[in-house]
Amino acid sequence: MGDIPIAASSPASAGEDTAEHGHPHTHPHAETPAEATPAEPKPKLAVWKFASCDGCQLSLLNCEDELLQIADSVTIAYFPEATRAIVAGPYDLSLVEGSITTPEDVRRIHEIREQSATLVTIGACATAGGIQALRNFADVDAFRSIVYAHPEYLSTLDTSTPIASHVDVDYELRGCPVDKGQLVEVLAAYLNGRKPRIPTYSVCVECKLKGNLCVPVATGTPCLGPVTQAGCGALCPSYGRGCYGCFGPSDSPNTAALTRQLAELGMDDRDIVRVYRTFNAGAPEFRAASEAVEAGAR
Amino acid sequence: MTHQLKDGGQVMHVGMLARVEGEGGMHIEYRDGKVVDVKLNIFEPPRFYEGFLRGRKFTEPPDITARICGICPVAYQSASTEAMETICGVTTTPEIQLMRRLLYCGEWIESHALHIFMLHAPDFLGYESALDMAKVMPDVVTMALRIKKAGNDLMTVVGGRAIHPVNVKVGGFYRMPTVAELLTLRADLAQSLEDALAAVELVSTFDFPAMEQEYTYVALRHPEGYPLERGTEVVATSGVRFPVAELAQHIEEFHVEHSNALHARFDGGTYFVGPLARYSLNFDQLSPLAQDAALKAGLGETCRNPFKSIIVRAVELVYALEEALSIIDHWRDGYPPSVPVAPRAGEGIGASEAPRGLIWHRYVIDEEGIITDAQIVPPTSQNQASIEMDLRTAAEQWADLDDHMLTHRCEEAIRNYDPCISCATHFLDLRVKRS
């Protein structure tokens, strides 16, 4: 089950093409290095899944306007949601979705790291443990018996943890789900050998750029925008609701100040703990903020 | 991959079933030329949604349960909002219902286009993937991507984004889209309707393995149209019909050792939810255009060949596109986006027709609106027994095929269900034992 198609030899020949995918291409993506040096083999892309909803890898298939160009710029070596064809590792670029929740997955992520020149996590599960990291705050045995009549059939860890808790990660892309535009940016940056241009400022900056009304100021709606990383395009405030933090903490978030403001807007402690504990509950800054409220620090 | 067993039997092993949403495994065992055991193994790691929903607020399930599945989040949002509104004794407005239906059409369009062309069609046309198909038949794949994009764009305008929409809440929406916003979608949806009619014709020309199954079909029914975002009652080919509120009295979930997704029984037996069930129980509710397309494609008013589910999905694609266009064309600005919902202690069920079939949620909340119990029953977990039944039939019917062909055929029998294993709990691992 889930055996990784690993080359027998050491990870030396990354980029080797195969019969299934080795079609010569005359119109590579305009931004790819392949255009400059058409003789070079295309990078091998692999997409891996751990505990998750499939939404972040689906974001790749949802790039309808870019998908065929992307597929032309790389060799899709492992992407079971899209293709039966499998090319053995090592891989030039691995995209990893999902969090680590089983002993088997701990083993598998180490194998994937060994086989991957560059490893990028996509989404809140892989980057912060996801919504399933709520178990980190609870008694997992109780959860098992709430959902399953025979908990002894299950093999799970007591925690849901991000990929970086287990192996080195080269880049973490945020979001629940990731933003399609940011995903294409990460792929384009990788193909061109540059750093991705992904802002780490807060959603507030995006709201100002869009000319949105500030929902907490104008309507008294609690909003995590001041402590949440941009990337979604200030989606929720654009629809008249407060940001619920699905891109995780922004750079140096002032959660203490936000906690005070949430209380002033009428949220009780339990409500405040809940808003920090959703899809990025395990992100260190959000975790600390929720635990501070529980400890009565506000 | 084939292994000989010491007792003369045989085990066939395939590392991973591709082009499904999630990961699972399969085990088939032959003794004396007969199939003696079939198991669909699901080892997708459990995420314990029903556990951590306890203690959350009644307003949270639309955002939280959407994360069970990136392909059909709206199905979860619809079932959970309906359940909470039922518990709190709130009826929304007809316009809110219509906007929910429009958003749901978007999900059916993107999900069906994804499954028909990118996951399922490669089986019939002999390709590893739609990306390989694109090299040989670029027009078909471009058309598929165009339809899929129209669905995603619709979800983006109504829901804020295509995966995990942000605009849905208990009581309705945070903001209604405007006529001007909706009209930006019109041209692409109209083009996609033409494309979908062509798609019905195209997929009807595929070679379908002969296999008819005696399923008990279960689906929602609604007097005003084909069931998507809601139904007033549940109907079954066994003749049973009852209100949605009674679902938990007819469906019993149980835990088997070989699957991290709970199995289910309907009135004590195996049952089937999904496009074939919806179609066969609601043909009369399809639009004349969709009915006509279905009949021209050679479908009867019922369909019992699981391989032909690809045609039924294409027919549903036609219906969803027509429905979306009709809602957009009749929309006016100024409808209130939501009704207020105050918590009230109680228990309630919400159900909808996800692209893969009936989904239902049951919640118990207290007087402060805190969830004390949650039960979520997605389509793929309900279908596990039917999938195993089809695998058994396929393994018996095509036992003469070589291992490679049989493996392919069994994978196809699973893909007929468009299984969403992330929903049900991701590993399909095929094992065939022969002796």
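1. Chain A, overall. Chain A holds 13 helices and five strands. This is a predicted model. Of the 298 residues in chain A, 52% are buried. Contacts in chain A with a separation of 6 or more are 75% made up of residues 24 or more positions apart.

2. Domains of chain A. The domain assignment splits chain A into domain 1 (33-191) and domain 2 (203-294). Their centres, taken over C-alpha atoms, are separated by 26 Å. Domain 1 of chain A puts 17 residues into the contact, and domain 2 of chain A puts in 13 residues. On the domain 1 side, helix α5 (residues 124-128) of chain A gives the most, with three residues. That side of domain 1 divides into eight nonpolar, seven polar and two charged residues.

3. Where the chains meet. The contact between the two chains takes 54 residues from chain A and 53 residues from chain B. Five helices of chain B each supply at least two residues to the side that touches chain A: α1 (49-52), α2 (61-66), α4 (94-125), α5 (130-136) and α6 (138-159). The largest share of this side comes from α6(B), with four residues. By type, the side of chain B that touches chain A has 22 nonpolar, 14 polar and 17 charged residues.

4. The largest nonpolar core. This core has 196 residues. Which of them touch the most other members? They are B:V218, B:A314, B:V315 and B:V318. Among the elements, α4(B) gives the most to this core, with 15 residues. Why does the core lie between domain 1 and domain 2 of chain A? Both domains, 33-191 and 203-294, give residues to the core, so the core lies between them.

5. A look at B:V318. Leaving out residues up to four places away in sequence, B:V318 touches B:L193, B:A196, B:L197 and B:V200. B:V318 also touches B:L289, B:A290 and B:A293.

6. The second core. A separate core of 19 residues includes B:Y30, B:V35, B:A395 and B:Y417. Two of these names come back in the next point.

7. A hairpin in chain B. Strand β3 (residues 25-31) and strand β4 (residues 34-41) of chain B pair in the antiparallel sense, over seven bridges. Two residues stand between β3(B) and β4(B) in this hairpin. In the turn, B:D32 has a positive phi of about 50°. B:Y30 has its bridge partner in β4(B), namely B:V35. B:Y30 and B:V35 are also both in the second core.

8. A three-stranded sheet. Chain B has an open sheet with the order β12-β13-β14 and antiparallel pairing. β12 (346-354) and β14 (371-377) of chain B stand at the edges. Each has a single partner strand, so one side of each is left without a neighbour in the sheet. From one strand to the next, the twist averages 15°.

9. Pairing and packing in that sheet. Strand β13 (residues 357-365) of chain B pairs with β14(B) in the antiparallel sense, over six bridges. Within this pairing, B:Y363 has B:A374 of β14(B) as its bridge partner. Which helix packs on the sheet? Helix α12 (residues 379-397) of chain B does, touching β12, β13 and β14 of chain B. The direction of α12 makes about 125° with that of β13(B).

Methods: Residues numbered from 1 in each chain as written. Chains lettered and ligands numbered in written order. Predicted model: local features only at pLDDT ≥ 70, side-chain atom pairs only at ≥ 80, totals over all residues. Pairing = 2+ DSSP bridges. Contact = placed C-beta atoms within 7 Å. Nonpolar A, V, L, I, M, F, W, Y, C, P; charged D, E, K, R; others polar. Domains from an automatic or database assignment. Core = buried A, V, L, I, M, F, W, Y, C linked by C-beta atoms within 7 Å. Buried ≥ 20, exposed ≤ 12 C-beta atoms within 10 Å, placed from the backbone. Axes fitted to C-alpha atoms, helices over the stretch in contact; angles between N-to-C directions.
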